[in-house]
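This report covers one charged side chain, the ligand site and the salt bridges. Please read it alongside the structure shown here.

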Amino acid sequence: PDWEKRVTKSARRSSASSLTVLVTGASGFVGTHVSLALKRRGDGVLGLDNFNRYYDPNLKRARQKLLSRAGVFVVEGDINDEKLLHKLFDVVPFTHVMHLAAQAGVRYAMQNPNSYIHSNIAGFVNLLEASKSANPQPSIVYASSSSVYGLNSKVPFSEKDRTDQPASLYAATKKAGEEIAHVYNHIYGLSITGLRFFTVYGPWGRPDMAYFFFTKDILKRKQITVFESPDGGSVARDFTYIDDIVKGCLGALDTAKKSTGVGVGVGGKKKKGNAQFRIFNLGNTSPVPVTELVDILERLLKVKVKRKVMPMPRNGDVRFTHANISKAQRELGYMPTTDLETGLNKFVRWYLDFYNPLKNKSVW
Ligand code: NAD
């Protein structure tokens, strides 16, 4: 069928040494950028996305168009669809899975808790089930989140720090994902790498994130609400530019070992070949208070911002994030190079030149 042809064409790689990657959440923010980068360097890429309506569906369709022009086909489907996943693994011999599909956002969990269980837990298990029985067994790289550090206040956050105090259901499902990944590594020998992203921003970004809706509201001359923590301290994030995150994702895929098909150390017995299990922080190591984010947007947009300062509500957000990235530097060659002002400038250009005008003309 036509569908199958497009899948195989998209996943064709340029040489034997390049990868064949299934990217879940390919029409999402990070998924689009990672898929484009893989395609650009000659890897085979197939996307999968259910195009859920959590935010502007037209933005997801516009990203899909961008991918299609670059030769990346995105299958419209859900990671919970067992039959579809088996079919995809039957048709394409994926060497890697880059798993980015998820219900993102911390505040929305108070409105729709089940969507987090559906995509971040049930969907992830379904994907791991399909991967474990695929031939070849792919290596898995998946997105976790800085939110797993929860109420931990020891900064910078390093991978060995405690992650048992999540502040939101989103964080709890991401933490569950890390533990589920461990099980599939232990029993089935899947090589699995988790990446804890720290507040990713940039062109083609997510409209539910503060830098995005601040930009929108500032341009509409609306008042901005900036939260401060109850002890008067500022709320800060380790904002990380999308191109840096993409490099980290590619580094993780390139250093991923092959899955072995057998678990590690069951009953103390050494099995042949050890499947790899890794977790890395991918952040910027340089947290910026949200008030400063607003100052930068004010300068870039050349609009005097009306601000209201409010105490931070208990809605799942944490006070600050700050990554220690030495492990990712050492093992993935990860080195972020974009400071917040430079990255926001690129976002604002995209927003003004592309997103805003198209939206106004409703040609999406
Ligand atoms: P996004 O919402 O833009 O992308 C996720 C994509 O997955 C969406 O296009 C959505 O339609 C798709 N999707 C959701 N549930 C699905 C399902 N059940 N089946 C198939 N597709 C499904 O989010 P993003 O910012 O690109 O995030 C990518 C990953 O990184 C997510 O796992 C997210 O939790 C994680 N993450 C992102 C950030 C960030 O700041 N952007 C920070 C930490 C972690």
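## A buried arginine without a salt bridge

R63 is buried, yet it has no salt bridge. The model is a predicted one. Which side chain of opposite charge is nearest to R63? It is D49, and it is 6.7 Å away. A salt bridge needs a side-chain nitrogen of Lys or Arg within 4 Å of a carboxyl oxygen of Asp or Glu. The distance to D49 is 6.7 Å, so R63 and D49 do not form a salt bridge.

R63 sits in helix α3, which spans residues 57–69. Its side chain has polar partners instead. One is the side chain of Y55, in a polar contact of 2.8 Å. Another is the backbone oxygen of G205, which lies 3.1 Å from a polar atom of the R63 side chain. Leaving out residues up to four places away in sequence, R63 touches S27, G28, F29, T32, Y55, W204, G205 and R206.

## The ligand site

How many residues surround the ligand? There are 28, and the closest are V30, D49, Y55, Y170 and V200. Y55 thus appears in both settings: it is among the residues closest to the ligand, and its side chain makes a polar contact with that of R63. D49 is also among the closest to the ligand. G28, a residue touched by R63, has a polar backbone atom 3.2 Å from an oxygen atom of the ligand.

Backbone atoms of other residues also face ligand oxygens. A polar backbone atom of L100 is 3.3 Å from an oxygen atom of the ligand. For V200, the corresponding distance is 2.8 Å. On its own, the ligand has 820 Å² of accessible area, and the protein covers 98% of it. Three elements give two or more residues each to the surrounding shell: α2 (29–40), β5 (139–145) and α6 (169–188). The largest share, three residues, comes from β5.

## Salt bridges within helices

The structure holds 19 salt bridges. Side chains of opposite charge can pair when their charged atoms come close.

One pair is K175 and E179, whose side chains meet at 3.4 Å, N to O. Both lie in helix α6, four residues apart, which is about one turn of the helix. Are the two partners buried or exposed? K175 counts as buried, because its relative accessibility is 18% and the buried class lies under 20%. E179 is partly exposed, with a relative accessible area of 46%.

Helix α8, residues 242–255, holds another pair, D244 and K247. They are three residues apart, about one turn of the helix. Their closest N and O atoms are 3.9 Å apart. At 1% relative accessibility, D244 counts as buried. K247 counts as partly exposed, at 49%.

## A buried pair and a network

D208 and R206 form a salt bridge, with their closest N and O atoms 2.9 Å apart. D208 is buried, with a relative accessible area of 16%. R206 counts as buried too, at 18% relative accessibility. R206 is also one of the residues that R63 touches.

What joins D295, E298, K304 and R307? Salt bridges that share partners link these residues into one network.

Methods: Residues numbered from 1 in each chain as written. Predicted model: local features only at pLDDT ≥ 70, side-chain atom pairs only at ≥ 80, totals over all residues. Heavy atoms only, no water. Buried < 20%, exposed > 50% of the residue type's maximum accessible area, 1.4 Å probe, protein only. Lys, Arg positive; Asp, Glu negative; His and termini not counted. Polar contact = N/O pair within 3.5 Å; in protein donor to acceptor, adjacent residues only side chain to side chain. Contact = heavy atoms within 4.5 Å. Near = heavy atom within 4 Å. Areas by Shrake-Rupley, 256 points an atom, 1.4 Å probe, with all protein chains shown as cover.
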